Amino acid sequence: MMILGIVVFAFGLLVSIAWHELGHLSTAKLFGIRVPQYMVGFGPTIFSRTKGDTEYGIKAVPLGGYIRMIGMFPPGPDGRLEARSTSPWRGMIEDARSAAFEELRPGDETRLFYTRAPWKRVIVMFAGPFMNLILAVALFFTVLMGFGVSQQTTTVSSVSQCVIAQSENRDSCRTGDAASPAAAAGLKAGDKIVSFGGVRTQDWDRLSDLIRANPGKDVPIVVQRDGKDLTLHATIATNQVAKKDSSGAIVQGQYVKAGFLGFSAATGIVRQDFGDSVTWMSDRVGDAVDSIVALPGKIPALWDAAFGDGKRAADSPMGVVGAARVGGEIFTLDIPASQQLAMFVMLVAGFNLSLFLFNMLPLLPLDGGHIAGALWEGLRRNLAKLLRRPDPGPFDVAKLMPVAYVVAGIFVCFTILVMIADVVNPVRIS
C-alpha cells in the first residue's frame with residue numbers, strides 16, 4: 001500500500017505538471033506564438049509525437065516540465081544575436097538569447113514571444129500557475145463539500161469532573177478542585193448540543209466562542225439525547241483556557257481567562273457548505289503565503305534535521321520525495337478508504353496551491369519573473385507615450401539571466417537539502 005500510494009502520487013504530480021504547462025501552451029498558441037516543444041519531465045525522452053508545430057512528449061524524470069517558445073528574449077542592439085563574449089556574465093546573457101532563437105524558421109519573425117504585447121505575455125506566463133490554482137480549488141471543493149473533513153463537532157466525547165486550568169496539563173482531579181459546570185449540569189458523553197443560551201449552533205467553533213464569552217452566567221443548554229431534546233442548566237466557570245488567534249486556531253503555549261464548561265468535543269467527518277469551504281480555503285492560502293515568507297528562517301532547523309540530530313518539525317519544508325512518502329503513508333492508515341482518498345486528494349491540492357504561489361514569485365527563472373518583466377515593459381512604454389518620448393522598445397529580460405542563474409542555484413541547493421532531509425529524517429503523519 002505504501003508503494004501504491006507513492007505511485008499514485010507520482011501520477012498526480014505528472015498530471016499537475018502537464019496541466020500547468022497546458023496553460024502556457026494553450027495561451028501561447030492562442031496568441032500565435034510558435035511552441036516547438038511541450039514536455040512533461042526532464043532528462044531522456046521516453047515518448048514523443050509531433051503534431052503541427054509542436055513535439056509533445058514525456059521524459060524520464062518526473063520532477064517538472066516545460067514548453068519551449070521561440071523568441072523568449074529580444075535580439076541584441078544590432079537586431080541580431082550578439083557575438084560571443086569572453087565575459088562570463090555576458091556569456092550567460094548571450095546563451096539565453098541564442099536559445100530563444102533556436103529552430104527559427106522562415107516566417108517565424110511574426111511568431112516570436114517577445115513581439116507580443118506585454119499584456120499577452122503576462123497572460124501566457126500567468127496561465128501556467130493559474131491552471132494549478134484552478135486544479136487546487138477544484139480538488140479542495142471536492143473534498144470539503146463531497147467527502148467532508150475531520151473536525152470537532154458539538155457532540156460530547158467526554159465530560160471533565162472538575163475545573164482544571166489547561167496550562168496544568170493534567171487529567172485527574174485533586175481535592176479542592178471545583179466540580180465542572182458540565183458534570184454539575186448532568187451533561188453526558190454522546191449528548192449533542194443543539195443550542196447554548198438560546199443560540200442554536202451546529203458549529204463547534206461557534207459553540208466554543210459562546211462558552212468562552214459567558215463566564216459566571218447561568219445558561220440553558222439544549223442537548224439531543226436518545227433522539228429527544230433535553231434542556232440542562234449550567235453556571236459557566238471562569239478558567240484558564242488556551243488562547244485562540246484571529247482565525248480561531250489554538251495558540252500553543254498561550255492562555256487566557258474565559259468561560260469554561262468542561263467537556264471534550266467528539267471529532268467527526270463533516271461536509272462543508274460553499275461558504276465554509278471558501279473560508280477554509282482562504283485560511284489555507286494565508287497559511288501557505290506565511291510558510292513561503294517564513295521559509296528562509298526554517299533552513300537552519302532543516303539542516304540540523306538532515307545532517308544533525310535535530311527533530312523534523314511537522315511544518316518543516318517538504319519536497320517531492322517527502323510528499324510522495326506522505327502519499328504512501330496515507331494509503332497505510334487504518335481509516336476508511338473514503339478518508340484515505342480524501343486525504344490524498346488534499347495532498348495533491350496542497351501541492352498545486354504551492355506550485356501556484358511559488359511560481360508567482362517575481363524572480364527569474366520562475367513565471368513570476370517573466371510576468372514582472374512584461375509589466376515593467378508595459379509601464380515603460382505607457383510612460384513614454386504619456387510623456388511623448390520615443391518608444392523604449394521591449395525590455396531585455398535576457399540581461400537578468402545572471403541573476404536568474406544565481407536564483408536557480410539557490411533553488412537547486414535548497415531542493416537538494418530538502419530531499420536529503422526527506423530521506424534521512426522525513427515528516428511523518430503516523
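# Exercises on a predicted model

R284 sits over the face of W280, 4.7 Å from the ring centre. The model used in these exercises is predicted.

## Exercise 1. The disulfide

Task: Find how many disulfides the structure has, which cysteines are joined, and where they lie in the chain.

Solution.

Step 1. The count comes to 1 disulfide.

Step 2. The bond joins C162 to C173, with an S to S distance of 2.0 Å. This is within the 2.5 Å cut-off for a pair of cysteine sulfur atoms.

Step 3. C162 and C173 are 11 residues apart, and each is in the loop between strand 3 (149–159) and helix 4 (181–185).

Step 4. The torsion about the S-S bond of C162 and C173 is about -100 degrees, so the disulfide is left-handed.

Step 5. Burial is judged from relative accessible area: under 20% is buried, over 50% is exposed, and values in between are partly exposed. C162 has 1% and is buried, whereas C173 has 39% and is partly exposed. Another cysteine, C413, has 53% relative accessibility and counts as exposed.

## Exercise 2. An annotated domain

Task: State which residues UniProt lists for "domain: PDZ", and describe the chain over residues 145–227.

Solution.

Step 1. The UniProt record, an unreviewed entry, lists residues 145–227 for "domain: PDZ".

Step 2. Over residues 145–227 the chain is 20% helix and 31% strand.

Step 3. The C-alpha atoms at the ends of residues 145–227 are 26 Å apart.

## Exercise 3. Aromatic pairs

Task: Give the count of aromatic pairs, then classify the pair of F126 and F130 as stacked or edge-to-face.

Solution.

Step 1. The count comes to 12 aromatic pairs.

Step 2. The rings of F126 and F130 are 5.4 Å apart, centre to centre, with 25 degrees between the planes. Planes under 30 degrees apart count as stacked, and the pair of F126 and F130 is stacked.

Step 3. F126 and F130 both lie in helix 3 (residues 118–147), 4 residues apart, or about one turn of the helix. F126 is partly exposed at 30% relative accessibility, and F130 is partly exposed at 36%.

Task: Now classify the pair of W303 and F307, and place the two residues in the chain.

Solution.

Step 1. For W303 and F307 the centres are 4.5 Å apart and the planes are at 45 degrees, and the pair is tilted.

Step 2. Both residues, W303 and F307, lie in helix 7 (residues 299–307), 4 residues apart, about one turn of the helix.

Step 3. W303 is exposed, with a relative accessible area of 52%. F307 counts as partly exposed at 47%.

Task: Which residues do ring pairs link into a cluster with F126?

Solution. Ring pairs link F126 with F130 and F356 in a cluster.

## Exercise 4. Salt bridges

Task: Count the salt bridges, then describe the one between D53 and R111.

Solution.

Step 1. The structure holds 12 salt bridges.

Step 2. In one of them the side chains of D53 and R111 meet at 2.8 Å, N to O.

Step 3. D53 is in the loop between strand 1 (37–51) and strand 2 (54–68), and R111 is in the loop between helix 2 (88–100) and helix 3. The two are 58 residues apart, and the pair links distant parts of the chain.

Step 4. D53 is partly exposed at 27% relative accessible area, and R111 is partly exposed at 25%.

Task: Describe the salt bridge of E377 and R121, and say whether these residues are buried or exposed.

Solution.

Step 1. The closest N and O atoms of E377 and R121 are 2.6 Å apart.

Step 2. E377 is in helix 10 (residues 367–386) and R121 in helix 3, 256 residues apart.

Step 3. Both E377 and R121 are buried.

Task: Explain why the salt bridge of R225 and D191 ties together separate parts of the sequence.

Solution.

Step 1. The side chains of R225 and D191 meet at 2.7 Å, N to O.

Step 2. R225 lies in strand 6 (residues 218–225) and D191 in the loop between helix 4 and strand 4 (192–196), so the pair ties together parts that are 34 residues apart in sequence.

Step 3. D191 is buried, with a relative accessible area of 1%.

Task: Which residues are joined into one network by salt bridges that share partners?

Solution. The network joins R121, E377, R381 and D391.

Key: Residues numbered from 1 in each chain as written. Predicted model: local features only at pLDDT ≥ 70, side-chain atom pairs only at ≥ 80, totals over all residues. Heavy atoms only, no water. UniProt positions renumbered as here; feature names shortened; annotations may be inferred. Buried < 20%, exposed > 50% of the residue type's maximum accessible area, 1.4 Å probe, protein only. Phe/Tyr/Trp six-rings, centres within 6.5 Å; stacked < 30°, edge-to-face > 60°. Lys NZ or Arg CZ within 6 Å of the ring centre and 35° of its normal. Salt bridge = Lys/Arg side-chain N within 4 Å of Asp/Glu carboxyl O.
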